[in-house]
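Colleague: Please take a close look at the charged side chains in this model, and tell me how they pair and what surrounds them. I would welcome one connected account that then follows the neighbouring side chains and the unusual backbone spots.

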Amino acid sequence: MARKRVAILISGRGSNMTALIEAAADPEFPAEIALVLSNRADAGGLARAAEAGIATAVIDHKAYGSRAEFDAAMDARLRAEAIDLVCLAGFMRLLTDGFCEGWRDRMINIHPSLLPLFPGLHTHERAIEAGMRLHGCTVHFVRAQMDSGPIIGQAAVPIALDDTPDMLSKRVLTAEHQLYPLALALVASGLASVENERLVMQGDLPADLAGMLVSPRFGG
């Protein structure tokens, strides 16, 4: 089976982008990172992608008069690159309904909470303030409503009584770096799909694929 061509959309350092690039460096991984696209020319992740030999592009949202025009420019570039799947990795722009529908079930995102808990920003602060004992991250298919869509996978971490948002963020980020490559592998291999807005698994994760990835787990 041909590897799926993946574009990663970033706005900053691209921490999760790096985790995906490292996983896809294995030729047995079912996806290849074909493009890293940013809405900011100063995004730190662009240099990291270039170092890995991955094509990069900048489409500055400020150059467009509307979100729809900006999204249309991104869509055109993605299709010109024959992209199969899109991964959002710290892409700090709200996407239009039209863009989301155009990439329906082919675009995934990682969010630093156990959705549907704490959509939006400041998730670590909110989890601590709510007195939660567990927190974590979620990879999901993207829908027009922010931080919604069928959930592909989640990883949980405990919240210590003396946790600060920064301490918790670091543990969640470690889980994100484990979870996102696994979720992408499930989608790119065709094992994970969507039916009636619920995740459907077509079979078990092959042993060779599981061996390339670190399974998300509870822990610090």
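Modeller: A salt bridge here is a side-chain nitrogen of Lys or Arg within 4 Å of a carboxyl oxygen of Asp or Glu. The model is a predicted one, and what follows should be read with that in mind. With that cut-off, the count for the structure comes to 10 salt bridges. The part that best repays a close look is a network of salt bridges in which Glu 101, Arg 104, Asp 105, Arg 143 and Glu 197 are linked. Within that network, the side chains of Arg 104 and Glu 101 meet in a salt bridge with an N to O distance of 2.8 Å. Arg 104 is partly exposed, at a relative accessible area of 32%, and Glu 101 is also partly exposed, with a value of 45%.

Two further salt bridges can be set beside the network. In one of them, Arg 5 and Glu 81 bring their side chains together at 4.0 Å, N to O. Because Arg 5 lies in strand E1 (residues 4-10) while Glu 81 lies in the loop between H3 and E4, this pair ties together parts that are 76 residues apart in sequence. Arg 5 itself counts as partly exposed, with a relative accessible area of 25%. In the other, the side chains of Arg 40 and Asp 42 meet at 2.9 Å, N to O; Arg 40 is partly exposed at 37% relative accessibility, whereas Asp 42 is exposed at 55%.

Which charged side chain is buried yet has no salt bridge? That residue is Glu 176, for which the nearest side chain of opposite charge, Arg 13, is 7.4 Å away. Since a salt bridge would need a nitrogen within 4 Å of a carboxyl oxygen, the distance of 7.4 Å to Arg 13 goes with the absence of such a bridge at Glu 176. Glu 176 is part of helix H6, which covers residues 165-188, and if its neighbours within four places in sequence are left aside, Glu 176 is in contact with Asn 16, Ile 110, Pro 112, Cys 137 and Pro 181.

One of those contacts, Cys 137, leads on to the cysteines. The count of disulfides comes to 0. Cys 87 is in no disulfide, and its nearest cysteine sulfur, that of Cys 137, is 14 Å away. Seen from the other side, the closest cysteine sulfur to that of Cys 137 is in Cys 87, and the 14 Å between them is too far for a bond. Cys 87 is buried, with a relative accessibility of 0%, and Cys 137 is likewise buried at 0%.

A charge also takes part in a quite separate arrangement, over an aromatic ring. The charged end of Arg 93 sits over the ring of Phe 70, at 5.9 Å from the ring centre. Phe 70 is buried, with 3% relative accessibility. A search of the whole structure for aromatic pairs finds 1. The pair is formed by Tyr 64 and Phe 70, and because their ring centres are 6.1 Å apart and their planes stand at 55 degrees, the pair is tilted. Tyr 64, for its part, is partly exposed, with a relative accessible area of 32%.

The backbone has some points to check as well, and the loop that holds Glu 81 is a suitable place to begin. Ala 82 lies in the loop between helix H3 (67-80) and strand E4 (85-88); although it is not a glycine, Ala 82 has a positive phi of about 55 degrees, and its relative accessibility of 45% makes it partly exposed. Another loop, between strand E5 (107-111) and helix H5 (123-129), contains Pro 116, and the peptide bond leading from Leu 115 to Pro 116 is cis, with omega near 10 degrees. The loop between E5 and H5 also holds Phe 118, which has a positive phi of about 55 degrees without being a glycine. Phe 118 is buried, at 15% relative accessibility, whereas Ala 82 is partly exposed.

Terms used. Residues numbered from 1 in each chain as written. Predicted model: local features only at pLDDT ≥ 70, side-chain atom pairs only at ≥ 80, totals over all residues. Heavy atoms only, no water. Phe/Tyr/Trp six-rings, centres within 6.5 Å; stacked < 30°, edge-to-face > 60°. Buried < 20%, exposed > 50% of the residue type's maximum accessible area, 1.4 Å probe, protein only. Lys NZ or Arg CZ within 6 Å of the ring centre and 35° of its normal. Helix = DSSP H or I, 4+ residues; strand = E, 2+ residues; numbered from the N terminus. Lys, Arg positive; Asp, Glu negative; His and termini not counted. Contact = heavy atoms within 4.5 Å. Disulfide = S-S within 2.5 Å.
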